[in-house]
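Trainee: Could you take me through the salt bridges in this one, slowly, and show me where their partners sit?

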Amino acid sequence: MKLKILIGIIGVFVVTVIGVKLYMNSQLLPFDDEARKKAPYNMIKLSDGYTHYRHSAGDGQTVVLIHGSSTPLFMWNSIFESLAETGMNVIAYDQYGRGWSDRPDEDYNSDLFDRQLDELIKALNLQAPVDLVGVSLGAMIAANYLEHHPDNVRKIGLIAPGGYVMEVPLVFRIIQTPIIGDWFMDVFGKKLMLQPAIDAVSQVNTVPDLLERYKQMLSYQGYLTATTSLFRNFDFNRTTQSYKSVGESGKPTTVIWGSADPLAVNEPSFRHDIPQAEQNVIENGTHIIPVTHADTISEILIGFLQK
C-alpha cells in the first residue's frame, strides 16, 4: 500500500514537472531565423549551428574573447573597443546556448565549446597562433583549447577563472539533479540568471542596458535548457588538468581576479600549476569584473598582449 502511494506521489510530481516545463516553454519566444535577424553583429554557420560574433578586423595580433556561463558577448563591449583601438584583430562571440548563437540539442560540455571555438577560428581564417582571453567558464574553455590545440595559441588571459575543486553550491547541486533540477530551472531559472546583471547594475558597470539585454536573452527558448545541460555535463573539476597543461606549455599567461570573488580560484593554486602566470588582483572586485572594472582590465590586457 505504501509503495503504491509512493509511486503515485512520484507520478504526480513527474507529470507536474512536465506540465510546468511545457507551460513555461510556451511563454518563451522561438529562437529561429526571425530571431536571428535581431542580432547586432555577424552570423556564421558552424557544424553545430549558427554562431553570433563581433569582429574588429584590425591589422594587429588576433585576440579572441570568450565570455562566461551566463553573460553573452556584450559583456566585453568596453574591453573589446579598447583592444580594437590599439589595432588588434579582436573577436568576441556568443557560446552555443547564449546570446544570439544557436541552442543545439546536445550536451553542453567542453567538447562542444572546444569544437565551436576551433571551427570559428578556422571559418574566419584567423592566422594562428591567436591570443585567448576568457572569463569564468570562458577561462576554462580557453585553457581546455590550449591543452588540445597548443600550436594555435600564443598567449592566454584568464579572468575570474573557476574550475578548481571547491564546495559545490547547493543551487548547482539542485540543478544537476534530474527532474527536480528541471522543475527548479523552469520556476526559478530566470531569477537566478538575472542576478549577475542585478549585481552589476548596483555597481559601476560599463553596459548601461545590461539588465534589459539579459531579459531579452531570457525571453527566448533554449537559454535555460542550455544552462541546465551545462551544469550537468561540463566537467568543471577536470579544468584543473587544463590549467596544469597551460603551465606545462610555458605559454605567456596573465591571471586577473577580484579580491572579493568567491568563485575564482585562489592564487596559490595558480602559482603552483601555472608558474609563469602574471598575477593581477583587483581590490574589492567580484566575479563580474569585466563589466565593473573594464578600464583596469583593458589596461592589463593591452600591456600583456603587446609585450
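Mentor: Sure, and let's begin with the outside. The accessible surface of the protein comes to about 14,000 Å², with 56% of that belonging to carbon and sulfur atoms. Keep in mind that this is a predicted model. Buried residues make up 52% of the 307 residues.

Some background on the fold before we get to the charges. The protein has 13 helices and eight strands. Those eight strands make an open sheet with mixed pairing, in the order E1-E2-E4-E3-E5-E6-E7-E8. At its edges are strand E1 (42-46) and strand E8 (278-282), each pairing on one side only. From one strand to the next, the twist averages 25°.

Now the charges. Side chains of opposite charge can pair when their charged atoms come close. A search of the whole structure turns up twelve salt bridges, and I'll pick out a few.

Take aspartate 48 and arginine 115: their closest N and O atoms are 2.7 Å apart. This pair ties together distant parts of the chain, since aspartate 48 is in the loop between E1 and E2 while arginine 115 is in helix H4 (residues 110-123), 67 residues apart. Aspartate 48 counts as buried because its relative accessibility is 13%, under the 20% cut-off. Arginine 115, at 30%, is partly exposed.

Stay on helix H4 for the next one. Aspartate 118 and lysine 122 both lie in that helix, four residues apart, or about one turn. They form a salt bridge too, with 3.0 Å between the closest N and O atoms. Here the two ends contrast: aspartate 118 is buried at 11% relative accessibility, whereas lysine 122 is exposed at 56%.

Then go over to the edge strand E8. Glutamate 278 meets lysine 307 in a salt bridge of 2.5 Å, N to O. That's another link between distant parts of the chain: lysine 307 belongs to the segment after helix H13 (294-305), glutamate 278 is in strand E8, and 29 residues separate them. Lysine 307 counts as exposed, with 63% relative accessibility, and glutamate 278 as partly exposed, with 27%. There's also a small group to look up: Asp33, Arg36 and Asp102 are joined into one network by salt bridges that share partners.

For a polar contact to set beside these, try threonine 71, in the loop between strand E3 (62-66) and helix H3 (77-85). Its side chain and that of tyrosine 214 are joined by a polar contact of 2.4 Å. Threonine 71 is buried, at 10% relative accessibility.

Note on methods:
Residues numbered from 1 in each chain as written. Predicted model: local features only at pLDDT ≥ 70, side-chain atom pairs only at ≥ 80, totals over all residues. Heavy atoms only, no water. Helix = DSSP H or I, 4+ residues; strand = E, 2+ residues; numbered from the N terminus. Buried < 20%, exposed > 50% of the residue type's maximum accessible area, 1.4 Å probe, protein only. Polar contact = N/O pair within 3.5 Å; in protein donor to acceptor, adjacent residues only side chain to side chain. Areas by Shrake-Rupley, 256 points an atom, 1.4 Å probe, with all protein chains shown as cover. Pairing = 2+ DSSP bridges. Axes fitted to C-alpha atoms, helices over the stretch in contact; angles between N-to-C directions. Salt bridge = Lys/Arg side-chain N within 4 Å of Asp/Glu carboxyl O.
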